[in-house]
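Colleague: I've got a fold to look through and could use some company. Shall we open it up and go one question at a time?

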Amino acid sequence: MIGLVLAANLVAGTYSYKTSYHGVDIGTSKVTVTSTGGSMQVSEQTAGSYSGTSGNANATLVLNADLSPASYKATGTMAGNPISDSATISGDTAQVTNAQGTAATFKLTADQKHFVVVDLGTVAGFVPLPAQMQAWQNASVCAVVPSFGQSTVIAPDTSSTPARPAAVPANDIALSFQSQHTPFTEWYNPTTLIPDEIDIASQGVTITRTP
């Protein structure tokens, strides 16, 4: 029941983001959250360029009523070459195909009860994380990264007190994730549960919601 309630609080709408790398703007994303028949869909259109190489992608993340991911697919081009990756999730199993077309299977362990999707190059999987963590009481989860065909355990660090970035609204809440590979922090609106900023400090990446 709590998952259904919080799913309704992940406010449907269209949200724009820009991504910067070490302070240089490298891309933009338009993310649309819709609710249909008890499930939710997060759709994204993204485009950008870095060091003379341009790319674009469309991504779709489908969430079940309890906010667990059911499927994810991203397609696009990079330097004129087609790229795609995907994930299909059912119960304790995730089937992932990476950008090179290689398939992999991941299983939940006894310590993780849920998967999440956090693909590199798209924002779609990061958007529902605040709502998912509230619904699942900040439990550790298995994050699949379809573009790399990998998975990693991430967990909210409830003891973390990151400094509030200047552009983040005063009432936003910080959600920091521990990760063996890439820790990150999301600042989100406590009413809509939509992120206003995502900071991946170890990679020099900042994703900011724009008006």
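Colleague: Which residue in the turn of the hairpin formed by β10 and β11 has a positive phi?
Modeller: Quick warning: this is a predicted model, where local features need pLDDT of at least 70 and side-chain atom pairs pLDDT 80 or more, while totals for chains, interfaces and linings use all residues. Residues are numbered from 1 along each chain as its sequence is written, and side-chain values use heavy atoms, leaving out hydrogens and water. Strands (E, at least two residues) and helices (H or I, at least four) are DSSP runs numbered from the N terminus. The hairpin leaves 4 residues between β10 and β11, and the turn residue with a positive phi, about 65°, is G149.

Colleague: OK, and which residue of β11 is the bridge partner of C142?
Modeller: β10 and β11 (residues 150-156) pair in the antiparallel sense over 5 bridges; to pair, two strands need at least two DSSP bridges between them. In β11, the partner of C142 is V153.

Colleague: Which residue of β10 is the bridge partner of V117?
Modeller: β9 (residues 115-117) runs parallel to β10, with 3 bridges joining them. The partner of V117 in β10 is V144.

Colleague: And what is the handedness of the crossover from β9 to β10?
Modeller: The chain leaves β9, passes through helix α2 (residues 129-135) and arrives at β10. With the strands pointing away from you, a clockwise path from the first strand over the helix to the second is called right-handed. This β-α-β crossover is right-handed.

Colleague: How many residues of β10 are buried?
Modeller: In a regular strand the side chains alternate between the two faces of the sheet. In β10, V141, A143 and V145 point one way, and C142 and V144 the other. Both groups are buried (under 20% relative accessible area with a 1.4 Å probe, protein chains only; over 50% is exposed, in between is partly exposed). Buried in β10 (residues 141-145): 5 of 5.

Colleague: Which residues touch the most other members of the largest nonpolar core?
Modeller: Such a core is a set of buried Ala, Val, Leu, Ile, Met, Phe, Trp, Tyr and Cys residues joined through side-chain atoms within 4.5 Å. This one holds 48 residues, and the members touching the most others are Y17, F115 and F184.

Colleague: Is V127 buried or exposed?
Modeller: V127 sits in the loop between β9 and α2. V127 is in contact (heavy atoms within 4.5 Å) with residues up and down the chain, including L10, Y17, V33 and L193. At 1% relative accessibility, V127 counts as buried.

Colleague: How far away is R209, the nearest side chain of opposite charge to E186?
Modeller: E186 lies in strand β13 (residues 184-188), and it's buried yet has no salt bridge. Here Lys and Arg count as positive and Asp and Glu as negative, with His and the chain ends not counted. The contacts of E186 include F126, I173 and E197. From E186, R209 is away by 11 Å.

Colleague: So which residue meets R209 in a salt bridge?
Modeller: A salt bridge puts a side-chain nitrogen of Lys or Arg within 4 Å of a carboxyl oxygen of Asp or Glu, and the model has 2 of them. The R209 one, at 2.9 Å N to O, links strand β15 (residues 205-210) to strand β14 (residues 195-200). R209 counts as partly exposed because its relative accessibility is 32%. The partner of R209 is D196.

Notes:
Lists of a residue's contacts leave out its neighbours within four places in sequence.
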